[in-house]
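Hi,

Here is the structure I promised to pass on. My notes on what turned up in it follow below.

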Amino acid sequence: MRDVAKAAGVSVATVSRVLNSPDSVNEQTRKKVQQKIDELKFVPSAAARAINSGRSRFVGALVPTLDNAIFARFLNSLEQGLGTHRLSLIVATTDSDPEKESQKARELLDIGAEGLVVSGVTHDPDFHALLRQRRTPTIATSFYDPNHYLPTVGYDNASAAQIAINHLRDLGHTHIAIIYASPKNNDRTIARLNGIKAIEEGLELSYFETEMSQSGGASAALEICKNPRLPSAVFCLSDVLATGALFGLQSQHLKVPDDISLMGLDDLPGSAVIFPSLSTVHLPVSRMGSITANALADWVERGKIPSSTLLSARLVKRGSTKRA
């Protein structure tokens, strides 16, 4: 920077402003400095900048997996939102393992993460102790709990599941199979199951646990088909499972929705284009990413601790459900 300043005949501070806040420098000076930067092939050192400023300008996101498109959509929106605040994003996957999450959170903080984004509010005690020790701005997503010590940005998962069940009930379905992934270390799934159980009166429900994948949904559908008396509808607690269940039902020569209705939860992009298109509950995942980005940036940049934000889920009626 000193070499650039000398060649351009300006101060080092002016070069710094051209690099970090170019709008604060008049156009003539900015062009002169940029010309010398190009001639000298100067590349700013992020490490040196972090040492001098005490800022790394990146935050970390801890997500269970990247195999599920819902996390990819969320991270895409989160990164775009952070970019408007000149913050970068580093992503780590946890495989829904609380100890692994704690370890990766510590690693992110050790290399300078200025904030963290996590999924849900249920975490390892070491994770909570780490956050309290470091006082790191952290937002929990995909779950709404205004009473939690961490700000939350997400939805009422119990209510989202109830929207789906009530839709099937309104269509006259009372015998319903529920397909879900393991609720271990997953407060979102637990909340959805609790939401269903809270309104199960008058319904005949059967539950099938499987792995979170299309093949898991398909295998659960095959288990359902082994029963001599089929349910009139299947509700999957994610669109990933529902897509697999659709393939599993079709492999048994069952027509959806003529023979059996099928409902998902998430509203992934592919759910509208499979055949039949999937009835589901829309979760505003992209909006959750942008809200989280702005809230975390305000906290990191200005020390403004955000309030929790509840996002609304809504019913999406498509071709996979019909009246019983």
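**Cores first**

In the largest nonpolar core, 46 residues strong, the members that touch the most others are Leu78, Ile176, Ile178, Ile196 and Phe235. A nonpolar core here is a set of buried Ala, Val, Leu, Ile, Met, Phe, Trp, Tyr and Cys residues joined through side-chain atoms within 4.5 Å, and buried means under 20% relative accessible area with a 1.4 Å probe, protein chains only. The largest share, 9 residues, comes from α12. A second, separate core has 20 residues, including Ile224, Leu246, Leu254 and Leu278.

Before you go on: this is a predicted model, with local features needing pLDDT of at least 70 and side-chain atom pairs pLDDT 80 or more, while totals for chains, interfaces and linings use all residues. Numbering runs from 1 along each chain as its sequence is written, and side-chain values use heavy atoms, with hydrogens and water left out.

Leaving aside residues up to four places away in sequence, Leu78 touches Ala61, Leu89, Val117, Gly289, Thr292 and Ala293 (contact: heavy atoms within 4.5 Å).

As for the whole chain, 49% of its 324 residues are buried. Its C-alpha trace spans about 85 × 40 × 30 Å along the principal axes. There are 12 helices and 12 strands, taken as DSSP runs numbered from the N terminus (helices H or I, at least four residues; strands E, at least two).

Among contacts between residues at least 6 apart in sequence, 70% join residues at least 24 apart.

Cheers

How values were computed: Buried means under 20% relative accessible area, exposed over 50%, partly exposed in between (1.4 Å probe, protein chains only).
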